[in-house]
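Student: Hi! Could you walk me through this protein model? I'd like to ask about whatever catches my eye.

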Amino acid sequence: MMNFLVKTIANAGALAVAVWLLDKITLTGDSTGKKVGTLLLVALVFGLVNAVVKPLVQLLTLPLFIVTLGLFTLVVNALMLLLTSWLADKVDLSFHVEGFWTAVLGGLIISIVSWALHLVLPDAD
């Protein structure tokens with residue numbers, strides 16, 4: 001349970017950095033507390049998308065991963081971020097990613113920040 005909580009907080013932090021750096025990834029809210037709560041809920045949705053949908057997409061696009069020497073990962077990460085944005089809109093969370101190229105850059109930022117946070121945060125259950 002602790003590992004799940006740490007990963008969710010790391011995802012929320014990575015999403016916050018992407019929102020802060022990119023104008024076309026938006027998070028709205030009345031107060032800081034509401035924004036933090038929304039970020040945590042979006043991080044949960046993002047974690048679920050990455051746990052359920054991403055492995056299936058990676059399996060189906062395995063030839064593209066091989067041909068591009070893994071660079072297709074950027075496209076898959078962008079698609080997962082766009083799917084998260086779409087799902088957040090469906091459940092009325094104020095998180096939106098505008099455009100594919102913004103999602104590519106946002107996915108890259110989130111991957112780098114998540115990796116760095118996972119190095120710093122504890123990983124024990």
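Tutor: Happy to, and we can take pockets, surface and loops in turn. Keep in mind that this is a predicted model.

Student: Okay, pockets then. What volume does the largest pocket have?

Tutor: The largest pocket comes to about 370 Å³. There are 19 residues lining this pocket, and those closest to its centre are K7, N11, F46, G47 and N50.

Student: How do people even find empty space like that?

Tutor: A probe the size of a water molecule is rolled over the atoms, and that shows where empty space is left.

Student: Neat. Which elements give two or more residues to the lining of the largest pocket?

Tutor: Four helices do: α1 (2–21), α2 (32–60), α4 (72–90) and α5 (100–120).

Student: And which one gives the most to that lining?

Tutor: That's α2, with eight residues in the lining of the largest pocket.

Student: How do the lining residues divide into nonpolar, polar and charged?

Tutor: The lining of the largest pocket has eight nonpolar residues, nine polar ones and two charged ones.

Student: Let's move to the outside. Which residues make the nonpolar surface patch?

Tutor: M2, L5, I9, V36 and L40 make a nonpolar patch of about 430 Å² on the surface. Both α1 and α2 give two or more residues to the nonpolar patch. The helix that gives the most to this patch is α1, with three residues.

Student: M2 is in that list. Where does M2 lie, and is it buried or exposed or something in between?

Tutor: M2 lies in helix α1. Its relative accessible area is 45%, so M2 counts as partly exposed: that class runs between the 20% and 50% cut-offs.

Student: What about W115, is that buried or exposed?

Tutor: W115 is exposed, because its relative accessible area of 56% is over 50%. You'll find W115 in helix α5.

Student: How far apart are W115 and A10 in space?

Tutor: From C-alpha to C-alpha, W115 and A10 are 8.7 Å apart, while along the sequence they are 105 residues apart.

Student: Got another pair like that? Say, how far apart are T28 and H96?

Tutor: T28 and H96 are 68 residues apart in sequence, and their C-alpha atoms are 9.1 Å apart in space. T28 sits in the loop between β1 (25–27) and α2. With a relative accessible area of 48%, T28 is partly exposed.

Student: New topic: backbone angles. What is phi of L69?

Tutor: Phi of L69 is near 55°, which is positive, and L69 is not a glycine.

Student: Why point that out?

Tutor: Because most residues other than glycine have a negative phi.

Student: Where does L69 lie?

Tutor: L69 is in the loop between α3 (62–67) and α4. L69 is also exposed, at a relative accessible area of 77%.

Student: And what about phi of D92?

Tutor: D92, another residue that is not a glycine, has a positive phi of about 65°. The loop between α4 and β2 (95–97) is where D92 is placed. D92 has 71% relative accessibility, so it counts as exposed.

Terms used
Residues are numbered from 1 along each chain as its sequence is written. This is a predicted model: local features need pLDDT of at least 70, side-chain atom pairs count only at pLDDT 80 or more; totals for chains, interfaces and linings use all residues. Side-chain values use heavy atoms; hydrogens and water are left out. On a 1 Å grid over the protein atoms alone, a cavity is a set of points where a 1.4 Å probe fits but cannot get out, and a pocket is an open set with protein on both sides within 12 Å along at least five of seven lines; lining residues have an atom within 4 Å of a point. Grid points are joined across faces, edges and corners, and a volume is the space filled by probe spheres set on the points. Ala, Val, Leu, Ile, Met, Phe, Trp, Tyr, Cys and Pro count as nonpolar, Asp, Glu, Lys and Arg as charged, and the others, Gly among them, as polar. Patches are made of residues with over 30% relative accessible area and no salt bridge: like charges are joined within 9 Å, nonpolar side chains (Val, Leu, Ile, Met, Phe, Trp, Tyr) within 5 Å. Accessible areas come from the Shrake-Rupley method with a 1.4 Å probe; for residues, only the protein chains shown count as cover. A salt bridge is a side-chain nitrogen of Lys or Arg within 4 Å of a carboxyl oxygen of Asp or Glu. Buried means under 20% relative accessible area, exposed over 50%, partly exposed in between (1.4 Å probe, protein chains only).
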